[in-house]
Amino acid sequence: MLDMKRAREVFDASEDFTVGIEEEFGILDPETRSLTQRFEELKDASQADDLLRDRVAGELISSEIEIRSEKGATFADAVASQRDARARLFRLAADHGVLLSATGTHPWSPWWEQRIIDTEHYRRLKRDLGYVARRNNTFSLHVHVGIHGADRVVAVCDRLRHVLPELLAVSANSPFLDGFDSGLASARSQIFTKSFPRCGIPEPFGNFAAYAEHVELLVRTRSIVEHTQLWWSVRPHHSFGTVEMRICDAQSGAEESTALAGLLVACVAQAAIDYDEGLAPPPLPQRLLEENLWRAIRHGLDGRMIDLDRREEYPAAALPDRLLAWSAPARGALGIDVALPDRNGTQRQRDANLGGASIEEVFAAEVATTQSTYAGQEVRT
């Protein structure tokens, strides 16, 4: 049963701007680079590693694996922890004869061939959501940021609604699906964000009491039994006392992922700073945010977004600079240096495909980048 009184206590006791990072990877056959269902084997093997055993987690299907950083007092602490976990995980995967990938979707492996892992949580998903759960073969980057105060957590989530489409466009890294170019910048978002219930951009709640009232309604009407069934792209995390950002595609390169995680942390912190200084704008209507969300899914950085204050279009290519400018005070206060790539993963993959490389060749290059960058991290001993 969800205890909203306890959740309020967790948020009221939380510390500002602690950081946790979660990264999801596909598990691949090294010969075909198709998904292979080896999660349980890797999970069992991770138990021999004192550090990795608590950092590896399952994520719906047996051909996917997630690693989580320790809770860092700072972003730098979380990154150091995650780099260690990355290196250990990739070494473990190599020892077991598999590769790991980090694009938002797998370009061709059939979803109906993937097996949902056998836990109570995922058995419930399979039972309650059916096709919607089974079709969700996607990979993403999540970031947790500690925020002190229950009402403040909700206010930060409300503020971040405005930038979720922008962050998705920046992170887009899933153009290929079912063996074809999907025509989307983020096919992952169309599969997950536009299909799951209680997903995508949440409506604003205003304060914790209104949020708690809604959650209690969902529990009372047997719509949910745990807070993790609130799959919004930004959400309060009841156990960790954090704001969790869940909008972004997985990133093929380790430094791309680190940079994006830094931007996400800075955006959460900037939303808190804006709230504290009375600068948070009033919540925008859902219908306007959904327009930008679709543009991000469809075109990513190659399209045009709507400036919802001026009610006019601007090139999506300007988004990285706009987000960096807005989050500059938070980045300065937290010492976060963000170096985003010139082109995101979708742009890079589509350029290669249009240049004559097959989807298989494009994906092989992305996997090679993942192997060389995530595995090439220092390991603490």
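Of the 76 residues in the largest nonpolar core, which touch the most other members? They are Leu160, Leu167, Phe208 and Val243. Helix H10, spanning residues 254-276, gives the most to this core, with 12 residues. Apart from it lies another core, of 38 residues, and Ile27, Ile67, Val98 and Ala133 are among them. Before we go on, please keep in mind that this is a predicted model.

Let us start with Phe208, one of the residues named above. Not counting residues up to four places away in sequence, phenylalanine 208 touches Met4, Ala7, Arg8, Phe11, Ala150, Asp151 and Val154. Phe208 also belongs to an aromatic cluster, which it forms together with Phe11, Phe205, Tyr211 and Trp232. Phe11 thus turns up twice, as a contact of phenylalanine 208 and as a member of its cluster.

That brings us to the aromatic rings, of which the structure holds 12 pairs. Take tryptophan 111 and tryptophan 112: their ring centres are 5.6 Å apart and their planes stand at 85°, so the pair is edge-to-face. Is each partner buried or exposed? Tryptophan 111 is buried, with a relative accessible area of 16%, whereas tryptophan 112 counts as exposed at 52%. Back in the cluster, phenylalanine 205 and tyrosine 211 have ring centres 5.4 Å apart and planes at 80°, so this pair is edge-to-face as well. Here phenylalanine 205 is partly exposed, with 21% relative accessibility, while tyrosine 211 is buried at 1%. A ring can also meet a charge: the charged end of arginine 322 sits over the ring of tyrosine 314, 3.7 Å from its centre.

Now follow Val243 into the strands. Strand E11 covers residues 242-249, and eight of its eight residues are buried. Which strands are joined to E11 by bridges? Strand E5, residues 140-146, runs antiparallel to E11 and is joined to it by six bridges. Within that pairing, leucine 141 has cysteine 248 in E11 as its bridge partner. Strand E10, residues 234-237, is also antiparallel to E11, with four bridges between them. There, proline 236 is the bridge partner of valine 243, the residue we met in the largest nonpolar core. E10 and E11 make a hairpin with four residues between the strands, where glycine 241 takes a positive phi near 70°.

Cysteine 248, the partner of leucine 141, leads to one more topic. How many disulfides does the structure hold? The count is zero. Why does cysteine 248 not bond with its closest cysteine? The closest cysteine sulfur, in cysteine 267, is 9.0 Å from the sulfur of cysteine 248, and this is too far for a bond, since a disulfide needs the two sulfur atoms within 2.5 Å. Seen from the other side, cysteine 267 has its closest cysteine sulfur in cysteine 248, at that 9.0 Å separation. Both cysteines lie out of reach of the surface probe in the accessibility values: cysteine 248 is buried at 0%, and cysteine 267 is buried with a relative accessible area of 0%.

Conventions
Residues numbered from 1 in each chain as written. Predicted model: local features only at pLDDT ≥ 70, side-chain atom pairs only at ≥ 80, totals over all residues. Heavy atoms only, no water. Phe/Tyr/Trp six-rings, centres within 6.5 Å; stacked < 30°, edge-to-face > 60°. Buried < 20%, exposed > 50% of the residue type's maximum accessible area, 1.4 Å probe, protein only. Lys NZ or Arg CZ within 6 Å of the ring centre and 35° of its normal. Helix = DSSP H or I, 4+ residues; strand = E, 2+ residues; numbered from the N terminus. Pairing = 2+ DSSP bridges. Core = buried A, V, L, I, M, F, W, Y, C linked by side-chain atoms within 4.5 Å. Contact = heavy atoms within 4.5 Å.
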